[in-house]
Amino acid sequence: MPAREDMPSTLRRSPKKAQETYAKAHDSAVESYGEGERAHRTAFSAVKHSFEKIGDHWEPKAQKGPSDPQAARTRRAKPTDTAEGVDANASKQHLMDVAKRLGIAGRSRMTKSDLVDAIQKANDRSSRKARERSSSTPSSTSGRRR
């Protein structure tokens, strides 16, 4: 399946259901729009309806549905900024719990919008660190004697 070959690393570290959702949506989008950025955006949009990004991977959301105003808009509505996988429509308490899991300092004084921004930044840091770890890890074939 082509979508699995170039699946983003955050999804490779996620539950199988998230990977399947991405792959199916990506392959369907490729049939409709052709290979490229639009197919990947469409696939991520499908993932964001059932999963939220926490740290360096995606986890199931408590309730399915759009994660931010961009995901909730109609096709004809003007595009807006996304929450980059953070479930911005979740309760403030849920966002506080996620921020606590991610070790975000000062979260008790943050507004809901501030929490979404802080979680986005923490997610980006976690993903970057995970990519650095995986790129610095020698492959299983290196060091093999012939």
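Which residues form one aromatic cluster? Tyr22, Phe44 and Trp58 do, and together they make up a single cluster of aromatic residues. The model discussed here is predicted, and its chain contains seven helices and two strands. Read from the N terminus, these elements follow the order α-α-α-α-β-β-α-α-α. The points below begin with the chain as a whole and then turn to the aromatic rings and the charged side chains.

**The chain as a whole**

- The chain has 146 residues, and buried residues account for 36% of them.
- About 9,500 Å² of the chain is exposed, and carbon and sulfur atoms supply 48% of that area.
- If one takes the contacts between residues that are at least 6 apart in sequence, 41% of them join residues that are at least 24 apart.

**The aromatic cluster**

- A pair of aromatic rings is described by two quantities, namely the distance of the centres and the angle of the planes.
- Two aromatic pairs are counted in this model, and one of them is formed by Tyr22 and Phe44, whose rings are edge-to-face, with 5.4 Å from centre to centre and 65 degrees between the planes.
- Because Tyr22 belongs to helix H3 (residues 16–33) and Phe44 to helix H4 (residues 37–50), this pair ties together parts of the chain that are 22 residues apart in sequence.
- The two partners differ in their surroundings: Tyr22 is buried, with a relative accessible area of 0%, whereas Phe44, at 22% relative accessibility, counts as partly exposed.
- Phe44 also pairs with Trp58, and here the arrangement is tilted, with the centres 5.9 Å apart and 35 degrees between the planes.
- Since Phe44 lies in helix H4 and Trp58 in strand S2 (residues 57–60), this second pair ties together parts that are 14 residues apart in sequence.
- Trp58 is buried, and its relative accessible area is 2%.

**A charge over a ring**

- The charged end of Arg38 is placed over the ring of Tyr33, at a distance of 3.7 Å from the centre of that ring.

**Salt bridges**

- Five salt bridges are found in the structure, and one of them is a contact between the side chains of Arg41 and Glu37, with 3.1 Å from N to O.
- Arg41 and Glu37 are both part of helix H4, where they stand four residues apart, which is about one turn of the helix; Glu37 counts as exposed, at 57% relative accessibility.
- Another salt bridge joins Asp56 and Arg133, whose closest N and O atoms are 3.9 Å apart.
- Asp56 lies in the loop between strand S1 (51–54) and S2, while Arg133 lies in helix H7 (residues 112–136), so this pair ties together parts that are 77 residues apart in sequence.
- Asp56 counts as buried, at 16% relative accessibility, because the cut-off for buried residues is under 20%.
- The side chains of Lys61 and Asp87 also meet in a salt bridge, with 4.0 Å from N to O.
- This pair links distant parts of the chain, 26 residues apart, with Lys61 in the loop between S2 and helix H5 (69–72) and Asp87 in the loop between H5 and helix H6 (92–101).
- Both partners are buried, Lys61 at 9% relative accessibility and Asp87 with a relative accessible area of 8%.
- Arg13, Asp56 and Arg133 are joined into one network by salt bridges that share partners.

Note on methods:
Residues are numbered from 1 along each chain as its sequence is written. This is a predicted model: local features need pLDDT of at least 70, side-chain atom pairs count only at pLDDT 80 or more; totals for chains, interfaces and linings use all residues. Side-chain values use heavy atoms; hydrogens and water are left out. Rings of Phe, Tyr and Trp (its six-membered ring) pair if their centres lie within 6.5 Å; planes under 30 degrees apart count as stacked, over 60 as edge-to-face and the rest as tilted. Buried means under 20% relative accessible area, exposed over 50%, partly exposed in between (1.4 Å probe, protein chains only). A charge sits over a ring if NZ of Lys or CZ of Arg is within 6 Å of the ring centre and within 35 degrees of the ring normal. Contact means heavy atoms within 4.5 Å. Accessible areas come from the Shrake-Rupley method with a 1.4 Å probe; for residues, only the protein chains shown count as cover.
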